[in-house]
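Got your viewer open and your selection tool ready? Let's take a walk through this protein, one stop at a time.

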Amino acid sequence: MAVILQVTAGPHAGRKTFLRPGQVMKVGRTEWSDFSLPRDAKLAEVHFALDCGYGICRIRNLDKKLETLVNDKPISEGDVRHGDRIAAGDSVFLLSIEEAASIIAPPSSDEAKATPSGFLSIDDPVLASDVCKIVQLDPPAIAMLQTKTNIKKFFDNLVVGNLTADAIRFLAHALSRRQAVWWSCQCVRSAMGEKILPKDQAAILAAAAWVVDPNDATRRAAIEPAEATNFSTPAGWCAGAAFWSGGSITAHGMPVVLPKPTLSAEAAVLAIELAAVVDPKQVAARTQAFLKIGSDVADGLNRWPAKQESPA
């Protein structure tokens, strides 16, 4: 998933930058900012920050003397979504979040197959090196990384090079959180089959429910079945990955505490790795099968079902 921040008005109109889930970007006038717009004299040196999650980002105004506006309303801190307009100084920005439209209206399976929207597209603006900034890979994998390598090519190189553990970690962080959780669910279901215990089944169902309808209620509903497994099974980590996908991890009414941006992907990786060793004799075969599932999820060929609307 790419988050695009594009300048639509002001001295730097037309410029844009790309963010990934888990990335925090500071915007301002000087080189202290990650996205610097030096010709806008009314911007602060570091004016505001975006903390990107899946389908939603968090914005913070960083200069108490100057305002940041979201859809023409001043904001000190809050959520910003796909299509929101951000104004700071003489600049106006448009926030575009890939896949946000599918949260509102998930595509049918036929639509998904016709218009895959995964992360392994050669047209993806984010390079493998961008993903590697947020995921720790082993030295042999890093040695394969080239500056302009796209995500698909690097993932394929890891698989061909039999660096399967790195390939799983890389892909989980390259995918959107929704895709990564779905991938982990598919792997765990495949490994556990009909022998799955009721508590694990509940955890998988809770994780999948969030994937199909990603909102705060389904996200929070995933933590109880996750904890019921004591995080000792791959299914528990699937549910944990859903819960840590974004939003506060404290109870309603308590001070907001956000999870580490990469925690959801890390939990998905643990789920997949644990699922691979359910039967020690099948680790190699299962790992290859899981990588194929992940590739299909990324390419839009393995999609979650559309949300079923309740009758009026």
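Which residue in S4 is the bridge partner of Gly-28? Select Gly-28 and look across to S4: the partner is Ser-36. Before you go further, keep in mind that this is a predicted model.

**Stop 1: around S3**

Gly-28 sits in strand S3, which covers residues 24–28. Now select S4, residues 35–36: S3 and S4 pair in the parallel sense, over 2 bridges. Next, add S5, residues 48–52, to your selection. S3 and S5 run antiparallel, and 4 bridges join them. To see one matched pair, pick Val-27, which stands opposite Phe-48 in S5. If you're new to sheets, strands pair through backbone hydrogen bonds, either parallel or antiparallel.

**Stop 2: an open sheet**

Now colour the strands S2, S1, S11, S10, S7 and S8. Taken in that order, they form an open sheet of 6 strands with antiparallel pairing. Go to the edges: S2 (16–19) and S8 (73–74) are the edge strands, and each pairs on one side only. Then move inward to S10 (residues 85–88) and S11 (residues 91–97), an antiparallel pair joined by 4 bridges. Click Ala-87 and you'll find its bridge partner in S11, Val-92.

**Stop 3: helix H6**

Select residues 164–174, which make up helix H6. Is this helix enclosed or open to the outside? 10 of its 11 residues are buried, so H6 is largely enclosed by the rest of the structure. The buried ones include Ile-168, Phe-170 and Leu-171, along with Asp-166, Arg-169 and His-173. What do they pack against? Show H3 (128–131), H4 (139–143), H5 (151–160), H7 (177–192), H12 (263–276) and H13 (283–298), and you have the helices that the buried residues of H6 pack against.

**Stop 4: H7 meets H13**

Keep H7 and H13 on screen and hide the rest. Their axes are 10 Å apart, and the two helices pack at an angle of about 145°. The crossing is right-handed. On the H7 side, the contact residues include Trp-182, Trp-183 and Cys-187, while H13 brings in Phe-290, Ile-293 and Val-297, among others. Sorted by class, this contact has 8 nonpolar, 4 polar and 1 charged residues.

**Last stop: zoom out**

Show everything again. The protein has 13 helices and 11 strands, and 49% of its 312 residues count as buried. Switch on the surface: the accessible area comes to about 14800 Å², with 55% of that belonging to carbon and sulfur atoms.

Technical notes. Residues are numbered from 1 along each chain as its sequence is written. This is a predicted model: local features need pLDDT of at least 70, side-chain atom pairs count only at pLDDT 80 or more; totals for chains, interfaces and linings use all residues. Side-chain values use heavy atoms; hydrogens and water are left out. Buried means under 20% relative accessible area, exposed over 50%, partly exposed in between (1.4 Å probe, protein chains only). Accessible areas come from the Shrake-Rupley method with a 1.4 Å probe; for residues, only the protein chains shown count as cover. Contact means heavy atoms within 4.5 Å. Two strands pair if DSSP finds at least two bridges between them. Axes are lines fitted to C-alpha atoms, for helices over the stretch in contact, and angles run from 0 to 180 degrees between N-to-C directions. A crossing is left-handed if the near helix is turned anticlockwise from the far one by less than a right angle, and right-handed if clockwise. Ala, Val, Leu, Ile, Met, Phe, Trp, Tyr, Cys and Pro count as nonpolar, Asp, Glu, Lys and Arg as charged, and the others, Gly among them, as polar.
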